[in-house]
Amino acid sequence: MHNSEAMALSAALLAVAGELTQRIHDGVVARGFEGLRPAHGFAFARLAPDGATVTELAAHLGVTKQAASQLVDEIVRKGYAERRPHPGDARARLVVLTERGRACTRAAEEAAADAVRPWVELLGEREIQSLRGQLSLMAPYGPIRPAW
């Protein structure tokens, strides 16, 4: 692959990722979850399963602990998450999503489905499944991080 082709592929992937992020965010807002930025969604993706410490969240987002702590303060204040004692470390606090935060993640899943639906119409179900498989081979473990 020539440099110009590699750059064109890179630009196309970044454009699709940026558009997808914005469409999911817009869908979340349209479903009544206001006061959020796309970066919050990336944090919710890490917190959704079982919660995380601020240190773990910072590593996931690729930011400093101070930046992650500020983000946590914000989502706690807005009612999307809460701090709890860490079950395995008395010195640490676990940040977990509240019911509102879990509802927001469900709204994001619905928005993602809405955002991807036109791709299926354009390329077909088979091609989308193939694309998902190929992308999973290139980035099998994530993490899904904001690009800003």
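**Exercise 1. The start of the chain**

Decide whether Met1 counts as buried or exposed.

*Solution.* Step 1: Met1 has a relative accessibility of 74%. Step 2: the cut-offs are under 20% relative accessible area for buried, over 50% for exposed and in between for partly exposed, with a 1.4 Å probe and protein chains only. Step 3: Met1 therefore counts as exposed, at 74%. Step 4: as to location, Met1 is in the segment before α1.

The model is predicted, so local features need pLDDT of at least 70 and side-chain atom pairs count only at pLDDT 80 or more, whereas totals for chains, interfaces and linings use all residues. Residues are numbered from 1 along each chain as its sequence is written, and side-chain values use heavy atoms, with hydrogens and water left out.

**Exercise 2. The chain as a whole**

State how many helices and strands the protein chain has, and in which order the elements run.

*Solution.* Step 1: helices (H or I, at least four residues) and strands (E, at least two) are DSSP runs, numbered from the N terminus. Step 2: the protein chain has 6 helices and 2 strands. Step 3: read from the N terminus, the order is α-α-α-α-β-β-α-α. Step 4: the C-alpha trace spans about 50 × 35 × 25 Å along its principal axes. Step 5: 27% of the 148 residues count as buried. Step 6: taking contacts (heavy atoms within 4.5 Å) between residues at least 6 apart in sequence, 53% join residues at least 24 apart.

**Exercise 3. Surface and charge**

Find what share of the exposed area of the protein chain comes from carbon and sulfur atoms, and how many positive and negative side chains there are.

*Solution.* Step 1: accessible areas come from the Shrake-Rupley method with a 1.4 Å probe, and for residues only the protein chains shown count as cover. Step 2: the protein chain exposes about 9,700 Å², of which carbon and sulfur atoms supply 58%. Step 3: Lys and Arg count as positive, Asp and Glu as negative, while His and the chain ends are not counted; each charge is placed at NZ of Lys, CZ of Arg, CG of Asp or CD of Glu. Step 4: there are 18 positive and 17 negative side chains, and the centres of the two sets are 7 Å apart.

**Exercise 4. A nonpolar patch**

Identify which element gives the largest share of the nonpolar patch.

*Solution.* Step 1: patch residues have over 30% relative accessible area and no salt bridge; like charges are joined within 9 Å, and nonpolar side chains (Val, Leu, Ile, Met, Phe, Trp, Tyr) within 5 Å. Step 2: the nonpolar patch on the surface consists of Met1, Leu9, Leu13, Leu122, Leu123, Leu131, Leu135, Leu137 and Met138, together with about 1,000 Å² of accessible area. Step 3: two or more residues come from each of α1 (3-30), α5 (99-123) and α6 (125-138). Step 4: the largest share, 4 residues, belongs to α6.

**Exercise 5. Salt bridges across the sequence**

Establish which parts of the chain the salt bridge between Arg31 and Asp114 links.

*Solution.* Step 1: a salt bridge is a side-chain nitrogen of Lys or Arg within 4 Å of a carboxyl oxygen of Asp or Glu. Step 2: the structure holds 11 salt bridges. Step 3: in the pair Arg31 and Asp114, the closest N and O atoms are 2.6 Å apart. Step 4: this pair links distant parts of the chain, with Arg31 in the loop between α1 and α2 and Asp114 in helix α5, 83 residues apart. Step 5: Arg31 is partly exposed at 31%, and Asp114 is partly exposed at 32%. Step 6: Arg31 and Asp114 also belong to a network of salt bridges with Glu110 and Arg117.

**Exercise 6. Around Glu74 and His40**

Work out which residue Glu74 meets in a salt bridge, and whether His40 is buried or exposed.

*Solution.* Step 1: Glu74 forms a salt bridge with Arg37, with 3.0 Å between the closest N and O atoms. Step 2: Glu74 is in helix α4 (residues 65-77) and Arg37 in the loop between α1 and α2, so the pair ties together parts 37 residues apart in sequence. Step 3: Glu74 is buried at 15%, whereas Arg37 is partly exposed at 41%. Step 4: His40 is in helix α2 (residues 38-47) and is buried, with a relative accessible area of 0%. Step 5: leaving out residues up to four places away in sequence, His40 touches Gly35, Leu71, Glu74 and Ile75.
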